[in-house]
Structure formats: C-alpha cells, structure tokens
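Q: Please take a close look at one strand of this protein, with its pairing and burial, and set it in the context of the whole model.

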Amino acid sequence: MASASASAASHASPQGKSVVVVVLLGWMGASSLQMSRVNDVYSHQERSGRERRSRASLGVLGEGEQRRSRASLLGENGSSSRASLESGDGGDAIGDDDDVSNFIFINVPTPSILAMWIPLLAARYATHTLRRLDAQVKKLKCVNVIVHVCSGASKSIFYQMLEQLHSYPQLKMCMRATVYESGPVDFKSSRGVQFMKDATRTTKVPKLAVSAAFAALPILDTVLLPEFERQRRRFWRILVEKRLPGPTLLIASKADNISLIEDVERFAKRLSDAGARDVRLLRLESARHMAALKTNPQEYVNAIQSLVDDVRQQSHVRSKL
C-alpha cells in the first residue's frame, strides 16, 4: 500500500514543476469530507490567466486527472491504532514552466486521544508519519512542504515531529511553512477534558467517561500536576525552538473555548521574540473550535492563499539561484 502512494506522488511531479505537499494533521472527529474541504482551499488557487484552476483534491475531480493512493500508518508491535495517509494530486496546471505547481495532499487523521498525554505514543505516531513523508519527498523534485496543524494535533503528533525532524535532513530542507488552526491547544487537565467533552458530539467518546474525567480533575491536578506542567513546558519550548522555517499562520477565534485566543496570541509573540520573521495571525470573532472555514470562509481562504502564494514565490526565487 505504501509503495502505491509513493508511485502516485512520483507520477505527479513532472520535471520543471514545483510540487506543494500539504500535510494536514487532522482534528478529533474530523471526517474525510471535512479534511478534503481544507485540501480544496489549498488547491483552488487562481494564478495567471494561463494557469488552470485546480480542483483535483480529495473528492473533487477537476480538469486534471485525479489520482488517489492510500497507505497505513500502523503502530509498532502490531498496534491496532492506525491513521490513513491519503494523497491526491492537484492536476496539471498550465503556465510558465517555472511558475506552475501540483498539489499533493497527505491527510493524517488524529491518532488516539491518549497521545495528547502520553509522549511516547505521540512520538511513535510522529515517527511513522515522518518516515512516510520522507519517502514521498525523496521521490519528488522541487518540493515545498506546508504542515497544517489542526487543534490538538500540535500535542498528539506535531511537536514530536519537530523533535525528530533532524533525523530526516532532506525532508527538513523541504519544509516551507506552518499553519496552526484552532491551536496550539494549551493542554491543562481541565482544557483536555473540555476537548473530550466537545468531541462527544462527533466521536464515540462516551459521555459517562467525560463526566468521570471531570469528577477526577481535582485528583488529576493534585497527583499529576508536576507531570502535566513538565509536559506543557517541553511542548511549548519545542514548538518555539524547533519551529519550521518560513511563514507561520495562526488561525484563532475569540469564540473558541478550547484553543483560547490569548494562548495563541502569546504563542505568536514567543515565536516573534525567538526570531521568527513572518508570523501571521488571523483573528476571528465568532468561529468556534475548528469552524473557521465554515464561519469565515473568505478570510480563511484569503489567509491560506496568501501563504501558498508566498511559498510558491520563494520556490520560484530559489529555482533561479
């Protein structure tokens, strides 16, 4: 299955074309349709009049031939936990040879919710994701990787990917930008339980389990507070110190009760203070957690389009050097 995915990606990268690989780290309860809609925001870029508007992301067949392939990201030791890795290219675009690009989408559904509190589990998911992504990148030329991190995925997988990225030098060189949507989430114990509570609307987390977790909060905070605080410090430190190069876009809302806008603003300042040159913050008023595309579609699309255009422009400049 993994070899099929690599084959499709290789075929989608004819010489002379810049490939934008969008790695979407999904959120709890996200359906494949919801994730494909985020893919569409990236692939529906309108460039010069000589370039077709691509619509060949997951589930949306456009002018180019759509190709899909799947591979599984399986846990070690035969773990039943798995995340599917899907890719679909963005069809052939028409324009100058050095000003066209295909889009490849790698959708990684959120792993087990336990990965948000068990670092070893998060590290395992990160390792498998990086290995598959590294294999894809090695088969492509002119690759620009954008990582779109949704909600709690910053804790369940992404910060561990940043920690391990030094082991994949070729992949690291292709990293161009980061998008945080409704995140990063500051996982205090109460915030994590609120996350589970909201997830019951779209997932199979039993309401009884959520109620029990709320009842156990005082015990958790008393017994595990030192461990929670240690994890939180390490989590935020890695996100800042091992940040990806290029622009960082943060999508936040005052109405988000899980990823508080104050936390996101504080994170944006920490990035800037640490030397990040291009930190962008899209502030929304009424969008609830992971609902920015639905509530504010135009602002959302404009922010993503601006980011992708800048990544492609930088790729164009590098190709001329």
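A: A disulfide is counted here as a pair of cysteine sulfur atoms within 2.5 Å. By that criterion, a search of the whole structure finds zero disulfides. Two cysteines may nevertheless be noted for their burial, where buried means under 20% relative accessible area, exposed over 50%, and partly exposed in between, with a 1.4 Å probe and protein chains only. Cys-150 is buried at a relative accessible area of 0%, and Cys-174 is buried at 11%.

The model is predicted: local features need pLDDT of at least 70, side-chain atom pairs count only at pLDDT 80 or more, and totals for chains, interfaces and linings use all residues. Residues are numbered from 1 along each chain as its sequence is written, and side-chain values use heavy atoms, with hydrogens and water left out.

The protein contains 10 helices and eight strands; helices (H or I, at least four residues) and strands (E, at least two) are DSSP runs, numbered from the N terminus. Of its 321 residues, 55% are buried. With contact meaning heavy atoms within 4.5 Å, residues 24 or more positions apart account for 76% of the contacts with a separation of 6 or more.

The strand selected for the close look is β7, which spans residues 248-253. Six of its six residues are buried. In a regular strand, side chains alternate between the two faces of the sheet. In β7, Thr-248, Leu-250 and Ala-252 point one way, while Leu-249, Ile-251 and Ser-253 point the other way. Both sets are buried.

Strands are taken to pair if DSSP finds at least two bridges between them. Strand β6 (residues 175-181) runs parallel to β7 and is joined to it by four bridges. Strand β8 (residues 279-284) also runs parallel to β7, with six bridges between the two. Leu-249 takes part in both pairings: this residue is the bridge partner of Val-179 and stands opposite Arg-280 in β8.

The path between β7 and β8 includes helix α8 (residues 261-273), and the three elements make a right-handed β-α-β unit. Right-handed signifies that, with the strands pointing away from the viewer, the path from the first strand over the helix to the second runs clockwise.

In summary, β7 is a mostly covered strand that has parallel bridges to β6 and to β8.
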